[in-house]
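Welcome, and thanks for taking a look. Please open the model in your viewer and keep the sequence at hand while we walk through the strands, helices and cores.

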Amino acid sequence: MWRTSTTGLALLLIARTGAAHHSGAMFDAQKSITLQGTVRLFQWTNPHCWIQLLVPSAAGTTEWSIEMGSNGNLYRNGWRASTLNAGERITVIIHPVRDGTAAGQFVSATAADGSSLGRASAPASQ
Amino acid sequence: MRAVIALLLIALLGAYSAEGAQNAPQRVRAFAALPDWTGLWDTEASRAFNRLSGKATGNEYEAINKYVQLVGPAPYTEAWGKKLKAELGNPAAAVGASNAKLCTYGFPIIMDVFQIFQAVVTPEETLFVFDNGEVRHIYTDGRGHPVKDDLWPTAMGDSVGHWEGDTLVIDTVARTEGSLGIGPNKLSAQAHFTERVRRPDRNSLEDRMTIDDPIAFTQPWNLTLHYTRAADLDRMLPWDCANDRNPVVNGKISVAPP
């Protein structure tokens with residue numbers, strides 16, 4: 001009986017807690033934004049890698065903080081610390097944070113020549 | 001005086017070497033008889049997480065939790081179930097859960113979350129070394145658990161084991177009472193864990209885990225955790241929280257500048 005009745009609780013909490021380090025609830029997964037800008041900084045760090053992207057805006061330039069997976073996660077998907085460098089122009093799709101600040105969760109990125117950054121899909125061995 | 005000390009050191013070294021040489025063939029045979037679990041292993045969750053990393057949508061990240069069996073429904077007693085429900089119904093507790101940030105996990109959920117691990121099998125102990133620095137020590141030298149006065153609760157508990165053929169049978173007690181870290185489940189201080197770990201084929205490890213908690217459960221909770229060889233990795237990739245840019249501000253996880 002209690003096995004059944006706690007199932008609802010489990011689902012509730014799973015939605016709140018989440019994958020490594022913290023929940024993804026802070027991001028609006030229903031919304032995607034495309035940003036075109038210039039890389040100011042690429043942090044190859046844990047628990048997350050980050051892209052600091054300078055994006056032209058009505059106010060001048062806005063710096064976006066884009067949260068990615070850990071460097072180990074990215075490494076296994078073809079990324080390296082040298083994949084992005086300051087000054088590179090890229091296009092990034094993100095799920096924005098819900099509080100309206102200039103930040104979001106990385107979804108995908110393309111280089112200025114249109115090529116995808118990172119692997120399109122994980123190796124079969126994974 | 002120096003000469004005397006030097007002679008003593010040489011004598012000690014000689015005795016140590018002689019003992020090592022005497023034990024070496026026996027220890028080599030003991031090593032050779034153990035199964036080879038060399039390599040790095042993905043949990044089901046880490047396998048799913050690495051497939052998605054860098055390109056997942058938020059919903060997909062949340063969906064990864066379905067690979068963590070230990071967040072699933074446990075066979076709680078009515079009293080323990082009511083207690084949990086009351087605690088989880090507390091708004092403060094709910095906010096705390098939504099703001100939870102984890103860099104270490106403890107046992108048993110470390111065996112089921114997103115961390116890759118290395119298994120080191122020796123005659124005296126087997127170690128599970130995780131990419132976030134956590135380590136499980138399973139002593140297989142014939143010892144039992146420490147006596148009551150020498151045993152206190154820890155995040156990993158106290159584990160001893162023995163080999164039944166190619167299967168490592170692990171017995172764990174003295175896990176700190178409380179939440180599993182992710183999800184709603186909570187165990188009492190009397191939780192007792194039995195695991196049967198084996199390598200069914202070259203690229204798979206399996207952990208048949210039974211959790212018996214006489215305070216919280218009506219019956220033992222049986223789970224089978226599956227691990228896959230991380231064939232794309234030739235070394236451990238450490239994970240930590242050194243550059244944590246997600247402070248909790250006004251009760252919500254936010255993003256801090258670099």
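In what sense, parallel or antiparallel, do strand β5 (residues 89-96) of chain A and β6(A) pair, and over how many bridges? They pair in the antiparallel sense, and seven bridges connect them. Before going further, please keep in mind that this is a predicted model.

## Chain A at a glance

Chain A holds two helices and six strands. Following the sequence, you will meet them in the pattern α-β-β-β-β-α-β-β.

Of the 126 residues in this chain, 41% count as buried. If you look at contacts in chain A between residues at least 6 apart in sequence, 51% of them join residues at least 24 apart.

## The five-stranded barrel of chain A

In chain A, five strands close into a barrel, and their order is β2-β3-β4-β6-β5. The pairing in this barrel is mixed. On average, neighbouring strands of the sheet are turned by 55 degrees against each other, with direction ignored. As general background, strands of a sheet pair through backbone hydrogen bonds, in either a parallel or an antiparallel way.

Let us go round the barrel pair by pair. Strand β2 (residues 33-43) and strand β3 (residues 50-57) of chain A run antiparallel and are joined by five bridges. One place to see this is A:Phe42, whose bridge partner in β3(A) is A:Ile51. The two strands β2(A) and β3(A) make a hairpin, with six residues between them. Next comes the pair β3(A) and β4(A), also antiparallel, with eight bridges. Here A:Gln52 stands opposite A:Ser65 of β4(A), and the hairpin that joins the two strands passes through two residues.

## Where the direction changes

What is the direction of pairing between strand β4 (residues 60-67) and strand β6 (residues 103-111) of chain A, parallel or antiparallel? These two strands run parallel, joined by three bridges. You can find A:Glu67 with its bridge partner A:Gln105 in β6(A). A:Ser65 likewise has a bridge partner in β6(A), namely A:Ala103. A:Ser65 is also the residue that stands opposite A:Gln52, so to speak a handy spot for following the sheet from strand to strand.

Back at the opening pair, A:Ile94 has A:Phe106 as its bridge partner in β6(A). A hairpin is formed by β5(A) and β6(A), with six residues between them. In its turn, A:Gly100 has a positive phi of about 85 degrees.

## The nine-stranded barrel of chain B

Chain B has a barrel too, closed by nine strands in the order β1-β3-β4-β5-β6-β7-β10-β11-β12, with mixed pairing. Neighbouring strands in this sheet are turned by 30 degrees against each other on average, direction ignored.

One pair to inspect is strand β7 (residues 167-173) and strand β10 (residues 192-201) of chain B. They run antiparallel, and five bridges join them. Within this barrel, B:Thr172 has B:Phe193 in β10(B) as its bridge partner.

## Two helices of chain B

Which residues of helix α4 (residues 78-88) of chain B are buried? They are B:Trp80, B:Gly81 and B:Leu84. Seen down the axis of α4(B), the buried residues fall within an arc of 100 degrees, so they line one face of the helix. In general, an α-helix has 3.6 residues a turn, so residues three or four places apart point the same way. On the other side of α4(B) you will find B:Glu78, B:Ala79 and B:Ala86, which are exposed.

Helix α2 (residues 44-52) of chain B contains B:Arg47. Why does B:Arg47 count as buried? It does so because 21 C-beta neighbours lie inside 10 Å of B:Arg47, while the cut-off for a buried residue is 20 or more. If you would like a distance to check, B:Arg47 and B:Thr140 are 29 Å apart in space, C-alpha to C-alpha, and 93 residues apart in sequence.

## Nonpolar cores

The largest nonpolar core has 47 residues, and those that touch the most other members are B:Trp41, B:Ile109, B:Ile110 and B:Val113. Another core, of 25 residues, lies apart from it and includes A:Leu35, A:Cys49, A:Ile66 and A:Trp79.

For B:Ile110, leaving aside its neighbours within four places in sequence, the contacts are B:Tyr105, B:Gln115, B:Phe130 and B:Glu134.

How values were computed:
Residues numbered from 1 in each chain as written. Chains lettered and ligands numbered in written order. Predicted model: local features only at pLDDT ≥ 70, side-chain atom pairs only at ≥ 80, totals over all residues. Pairing = 2+ DSSP bridges. Helix = DSSP H or I, 4+ residues; strand = E, 2+ residues; numbered from the N terminus. Axes fitted to C-alpha atoms, helices over the stretch in contact; angles between N-to-C directions. Buried ≥ 20, exposed ≤ 12 C-beta atoms within 10 Å, placed from the backbone. Contact = placed C-beta atoms within 7 Å. Arc of directions from axis to C-beta. Core = buried A, V, L, I, M, F, W, Y, C linked by C-beta atoms within 7 Å.
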